[in-house]
Amino acid sequence: MAKKLRKAYVGLIMAFLYAPIVMLILYSFNNSKSRAKWGGFTLKWYRELFADEAIMSALGTTLSIGILAAVISTALGTVGAIALFQMKRRPRQAMLSVVNLPMLNSEVVTGVSLMLLFAMARIQLGYVTLLLSHVAFCVPYVVLSVMPKLRQLDPNLAEAAQDLGATPLQGFFRVILPDIMPGVFSGFIMALTMSIDDFVVSFFTTGSGVSNLSITIYTMAKRGISPKINALSTIIFVCVFVLLIGINLSDLRKDPRSQDKVDKVRIPY
Amino acid sequence: MKRNKALAVPFMLWAAIFIVVPLVMIVWYGVTVEEPIPYTEIVQEDGTTVFQLEDGSVTAVRPQKKTVVSLSNFRRMFEPTYLRLLLRSFKVAIITTLICLLLGYPVALILTGTDFKRPALWLMLLILPMWMNFLLRTYSWMSILENNGILNNWIASLREMLPAFDEWLTSRGVRRRIIFLYNENAVILGMVYNYLSFMIMPIYTVIEKIDKSLLEAAADLGASPVKSFTRVTLPYSIPGVLEGITMVFVPAVTTFVISQLMGGGKVPLIGDIIQNQFGKSSDWHFGATLSLLVMVVVLAFMGALNKIDKDDEPVKEVRIL
Amino acid sequence: MEKILSIKDLRVVFEDGFTALGGVSIDIGKNEFVTLLGPSGCGKTTLLRCIGGFEKPTSGEILYKGENIIPLPPYKRAINTVFQRYALFPHLNVAQNVAFGPDLRGEDKKKTAAEVERMLKLVGLEGFGKRKIASLSGGQQQRVAIARALINKPDVLLLDEPLAALDLKLRREMQLELKRIQRESGITFIFVTHDQEEALTMSDRIAVMRAGQIQQLGTPEDIYNEPQNAFVADFIGESNILTATMLRDRLVRFLGCDFPCVDSGFGENAEVDIVLRPEDVKLKPIADPVANVPEGVVETLLFKGVHYEMKVRVGESVLLVHSTHARAVGTHVKITIMPEDIQVMHKSETSPDVLRKHAERAL
C-alpha cells in the first residue's frame, strides 16, 4: 500500500513535468486556427517552421555558436584545469574561486558584466561578442568536469611517459589526454548544452540582428503563442530524448561489466 | 623538471579579462552616475557658438555628460517602488524554493529506496525535460494556461457537455475564460516547473551515497524507519538540500524570463528592472547597482550555505606538462 | 668493478628551504643491485628522482659513464624508472604499455611485438598482452611496469618502493623475482625502500640514509654486523644500543662491568656507543660460576615462534634478548657477551635520539 502510494507520488511529479511537453507535442500536429481546439492532424506547422527564415537562421546561429563555444571552451578549460592543478595550493584555491564565480553568480549578473566589458572595449555587440560570452560562461564548467579526472590521475603518469622517452607534449597527447578524456568529453557536452540552452547571457551580449534560438523564441512568445514553436519544441525534445538514450545505451554496450549495474544510467549534468 | 608555469599565463589572462574585469565594471558602474556638465552657451560675433564651463574655460564642442562617483543609486534602490519589487523577488523566490523542497525531497527519497528497480533511469526521465530549452518549457505552460489556451478550452467543452457543471460554475461567479496567467501564482508555477529538478538532483545524489549499512545498523540498534530517517538520512542529506536550495533560489531570485512570460510584465521582479535598465530605460549605472546588489546577495547567500568550493585535492604538487 | 654511475656531492634544496639532499656521493657499478634505505623523508626518493631526471639538483654532479647528465631531461636519459604506484597507462592494454617506449622511437612493429612477448615472458606474464591494466592484480601490474622499463634496454633501472603496495607474501615472492630479473638482464638496479629486511635480502650494497645524508654504505653483512653509528644500528634489525666507555683498546665498560672486545683505535676512556644484537646477549643461571658480569631480572617473556623474546632489567637499563631457551619472568640471571659480538661505534649526532628511544624501553 505504502509502496503504491510512493510510486503514485513519483508518477504524479512525472506527470507534472511531462504534461506540458506532451501538450506541446500533441498540439504541434493540430490543424486548427484557434490553436486550443483540436482540428485534426496536420504537419503544416512543421512546414511553416522550416520555411521561417528567422527561426532557421537563429537555429544556425545557435548551432554554430554552440559548437564553436564548446570546442574553444573545452580546449581552454582543459588547459586551464591542468594549469590550476599544477599550481601550489594557495594560488590554486584563489584561482579556483575566481573561475567558479560565473557559475555561482546569477546569469543576469554574468550577462550584464560581459555587456559592460564589451562596451568598455568598444566592441560592437554581435556574433563575436556572443561567442566570446558563451566561451566565458562555459569554461568554468569544463574546468569543473576535467578537474576530478586530473585528481584521479596517477601522479607519476606524466613522469612515466617522459621516462620512457616521450617529450612532455608527446606525453600529454599519448598518455594524459586519453586518460582524462571522459572528463574532457563531458565538459564538451556540458558546454554545448549550456550554450545551446542559454538565453540570459545571450540576451545581453548580442546585437546587430544576430539572434539565437532562445532569443527568437523569447520574442515570439512575448508576442503570443504560435504552433510553429510547438513544432520546434517537439523536434528539440525528440533530439534530446534520442541523444540521452543513445549516450546511455552506448555506455551499457561499451562496458560489459555494467550488466550488473544497469542502474548506473549516465546523466551528463 | 620545473612546473610549466607558461601554461597558467594564458588561462589567468583569460580569467582576468572575462571574469575579473567584467565584475570590476559592474562595481564601477554601480558606484558612479552620469551628470550633465553645466555650461553657458555664448554666441560669438562671427556667428559661431562656444560653450563656457563653470571654471571659465571655453570650448567649441558642446560638453557631454561626465561620470562621477556617487552612491545615489544605492539610495534609489530603497525608494518604495524598487524596494517593493526587491521584497517581492525574495518572497517569490523563497516560496518557490520551499515548494520545490517539499515536492522534490520525497521524490529523491523514494527514488533512492527500493520501490523502483532502476532508479537512475527514473531520475534521468525526471531530468530529461530540463534538457529542453528553458524558454520552450515556460512557453509550454503559457499555451496551456493562457486565456484562449488549452485548459480554458477544455473547461469550456466540459461546460458545454455538462450543463449542470456550467450552471454551478456560473453561480459561483467563475468567468467563461479563467485568467490563470499574469499573476504571482503563475510566476511561481513557472519557476517550480523549471527548477524542481535542480532540487531533486543534488538531494538524490547525496542520499544515494549514504552507506546503506548505516541504515541497517540503525535498524539493528532498534531504530524505527521514522527514527532512522530523522537520525541518519535527514542529517546526511543536508548538504544536498543546501545545494538544491541554492540551485533553485539563485535563478529564481534573478529571473526575468519567467516573470515576463508567465507574469506578462504584471509581476515585475528585480531581474526585470535590471533588464529594463539595459534596454528601454537605459540607465546602465542603476542597472549595475542592482546587479551589484544581486551579486552580493547571491554570494552572501551561498557563503552562508557554505557553498564556496572546497579544495579537497592532495597538498602534494603534481606535474603534468 | 666497472663504474656506471657516479654521484658527486649532490645537493637538493627545495623552494621552501628544506634540504632534501645535503651532499651525497656514491659510485654505482655495472650490474650492481644497490638499495637506498632509510625512513621516509630521508632523501632516498629525491636521490632517485635526481638520477631519473625528475628533480633538478641544486648543486653537484651525476656522471653517467663519465658524462654529467644533469642538464638532460628524463626522456633523453638511458635510465628507466619503475614508479611506486607503477604509473601504468590505464587506457592501453598490457602489450601497448610495454611497447610504449619502442613505439615512441618508431621502431619496427613486428620486432617490437616479438620483443614485448620476450619481456612478458621474462617477468612471467606470458599471454597477458591483450589484458586490460585494470584487470591485473597488484603483483601483475608491478611486473608490467618492470617489463615496460626493461624493454628499453636501460643500463640502469630505478625502482621507487615498488613493493610497498603489495601484501607480505607477494612482496617476498617479488623480492626473489626482482633479484632473478636483475641477474638475468645484467642491468644495474637502484632500489629505494624503507623496509630493512627487504634491503638485506636483495642488495649487493646498501646505502643507509638519514636527513639527506648517507650514513653508511656497505654490503648487507657489513651494515648488519658492523653498523657505523647508533642510527644505522637502530634502523637495521632489532638491537640494544647503550652508551659505554672505551677504557683502552679491546676493553669496553658498560652496565657496570668491563667487557673484552675486538675494537681498537678509539683512544683511552673515550665515550662511545655500543650495539648488541638481541641474539648475541646470552643469559646464564644466577648460580653460574662466571664472575664480573652484569646481573639482571627477566621482566617480560614473549614466544615469537622461532625464539623467545625477553626483556631483562639491569639496573637502569633494559636489554632485549632473543633466545631459544625461555626463562620465567622474575628469574635472576647473569649476562654474558662474546667479545666479537660487541660492536663499538663512535658517538654521532644521532646517538642522543637513539639512546633516548632505547632508554624509554626501560620505563
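Select chain A and look at its contacts between residues at least 6 apart in sequence: in this predicted model, 74% of them join residues at least 24 apart. Now colour chain A by secondary structure. You will find 11 helices and 0 strands, so following the chain from the N terminus gives an unbroken run of α elements, α-α-α-α-α-α-α-α-α-α-α. If you shade by burial, 49% of the 269 residues of chain A count as buried.

Next, keep chain A on display and add chain B. How many residues does each chain bring to the contact? Chain B supplies 81 residues and chain A supplies 79 residues. On the side of chain B that touches chain A, pick out helix α1, residues 8–30 of chain B: with 13 residues, this helix gives the largest share of that side. Then colour this same side of chain B by residue class, and you should see 59 nonpolar, 12 polar and 10 charged residues.

For the last stop, hide those two and select chain C. What secondary structure is there? Chain C holds 10 helices and 20 strands. Switch to a C-alpha trace and orient the view along the principal axes of chain C, where the trace spans about 80 × 45 × 40 Å. Shading chain C by burial, you will find that 41% of its 363 residues are buried. Finally, return to the kind of contact that opened the tour: in chain C, among contacts between residues at least 6 apart in sequence, 67% join residues at least 24 apart.

Note on methods:
Residues numbered from 1 in each chain as written. Chains lettered and ligands numbered in written order. Predicted model: local features only at pLDDT ≥ 70, side-chain atom pairs only at ≥ 80, totals over all residues. Contact = placed C-beta atoms within 7 Å. Helix = DSSP H or I, 4+ residues; strand = E, 2+ residues; numbered from the N terminus. Nonpolar A, V, L, I, M, F, W, Y, C, P; charged D, E, K, R; others polar. Buried ≥ 20, exposed ≤ 12 C-beta atoms within 10 Å, placed from the backbone.
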